[in-house]
Amino acid sequence: MSPEAYHLLIDVWETTADALRWPAQCALILEEMRRLAQMEELADPLLVYASGEGKAWGPGISGIVLFSDSHESFHGLENYGIAHLDLFSCHRFDWEAVAELIRERLGGRGQVIVLDRSRGQGHKVEWRRHW
């Protein structure tokens with residue numbers, strides 16, 4: 001039997017959340033996502049605030065956390081009020097709770113898709129939500 005593989009993808013727009021400006025806020029969101037998904041991190045999160053100087057998209061934050069069996073990431077663009085998050089896991093987790101956490105923390109409008117990427121499933125959509 002092959003291992004399970006689930007990929008949660010979240011896109012948020014029209015948000016003014018502090019997590020788009022402050023690495024500490026981004027880190028808190030990543031930590032809460034990790035706890036809800038019951039993942040074990042291998043190292044501290046890597047968070048980078050980029051000034052975006054000279055770039056069309058302007059300032060933003062990127063963060064990634066490596067887990068013993070996967071990863072999660074956060075990318076936010078302050079000037080556009082958008083964020084993209086993902087969490088890949090080799091086991092089922094409460095993706096509804098993670099989606100609700102992101103809706104509460106970032107607000108705005110959003111879309112969530114969970115793909116079943118287990119062997120032989122391709123990219124089967126397991127769950128979807130909008131707010």
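Aspartate 18 has a relative accessibility of 40% and therefore counts as partly exposed, since the partly exposed class lies between under 20% for buried and over 50% for exposed. The model in which this residue is seen is a predicted one. The side chain of aspartate 18 meets that of arginine 21 in a salt bridge, with 3.2 Å from N to O. Arginine 21 also counts as partly exposed, because its relative accessibility is 26%.

This contact introduces the charged pairs of the structure. Side chains of opposite charge can pair when their charged atoms come close. The structure holds 12 salt bridges, and several of them can be followed in turn.

One of them joins the side chains of arginine 34 and glutamate 41, at 3.7 Å from N to O. Arginine 34 is placed in helix α1, which spans residues 23–37. With a relative accessible area of 16%, arginine 34 is buried, whereas glutamate 41 is partly exposed at 29% relative accessibility. The side chain of arginine 34 also reaches the backbone oxygen of methionine 39, at 2.6 Å. Arginine 34 thus has a salt-bridge partner in glutamate 41 and a backbone contact at methionine 39.

A further salt bridge is formed by glutamate 100 and arginine 129, whose closest N and O atoms are 3.2 Å apart. Because glutamate 100 lies in helix α2 and arginine 129 in strand β7 (residues 124–130), this pair ties together parts that are 29 residues apart in sequence. Both positions fall in the partly exposed class: glutamate 100 has a relative accessibility of 22%, and arginine 129 has one of 23%. Elsewhere, salt bridges link Glu4, Arg92, Lys124 and Glu126 into a network.

The path now turns to the strands. Strand β1 comprises residues 6–13 and pairs with strand β5, residues 82–89, in the antiparallel sense over seven bridges. Within this pairing, leucine 8 has leucine 87 of β5 as its bridge partner. Strand β1 also pairs with strand β6, residues 109–116, again in the antiparallel sense, over eight bridges. Here tyrosine 6 has aspartate 116 of β6 as its bridge partner.

Tyrosine 6 leads from the strands to the aromatic side chains. A pair of aromatic rings is described by the distance of the centres and the angle of the planes. How many aromatic pairs does a search of the whole structure find? The search finds two. In one of them, tyrosine 6 and tryptophan 95 have their ring centres 5.3 Å apart and their planes at 50°, a tilted arrangement. This pair links distant parts of the chain, for tyrosine 6 belongs to strand β1 and tryptophan 95 to helix α2 (residues 95–106), 89 residues apart.

Tryptophan 95 also pairs with phenylalanine 93: the ring centres are 5.5 Å apart and the planes stand at 85°, so this pair is edge-to-face. Together, Tyr6, Phe93 and Trp95 form one aromatic cluster. Are the members of this cluster buried or exposed? Tyrosine 6 is buried, because its relative accessibility is 3% and the buried class holds values under 20%. Tryptophan 95 is likewise buried, at 8% relative accessibility, and phenylalanine 93 is buried with a relative accessible area of 9%.

A group of nonpolar residues lies on the surface. Leu42, Leu46, Val48, Ile64 and Leu66 form a nonpolar patch there, with about 460 Å² of accessible area together. Two elements, β2 (46–50) and β3 (60–66), each give two or more residues to this patch. Leucine 42, by contrast, lies in the loop between α1 and β2. Leucine 42 is exposed, because its relative accessible area of 58% is over 50%.

In review, helix α2 takes part in two of the contacts described above: through glutamate 100 in the salt bridge with arginine 129 of strand β7, and through tryptophan 95 in the aromatic pair with tyrosine 6 of strand β1. Strand β1, for its part, pairs with β5 and with β6. The buried tyrosine 6 is a member of the aromatic cluster, while the exposed leucine 42 is a member of the nonpolar patch on the surface.

Conventions:
Residues numbered from 1 in each chain as written. Predicted model: local features only at pLDDT ≥ 70, side-chain atom pairs only at ≥ 80, totals over all residues. Heavy atoms only, no water. Patch = residues over 30% accessible without salt bridge, like charges linked within 9 Å, V, L, I, M, F, W, Y side chains within 5 Å. Areas by Shrake-Rupley, 256 points an atom, 1.4 Å probe, with all protein chains shown as cover. Salt bridge = Lys/Arg side-chain N within 4 Å of Asp/Glu carboxyl O. Helix = DSSP H or I, 4+ residues; strand = E, 2+ residues; numbered from the N terminus. Buried < 20%, exposed > 50% of the residue type's maximum accessible area, 1.4 Å probe, protein only. Pairing = 2+ DSSP bridges. Phe/Tyr/Trp six-rings, centres within 6.5 Å; stacked < 30°, edge-to-face > 60°. Polar contact = N/O pair within 3.5 Å; in protein donor to acceptor, adjacent residues only side chain to side chain.
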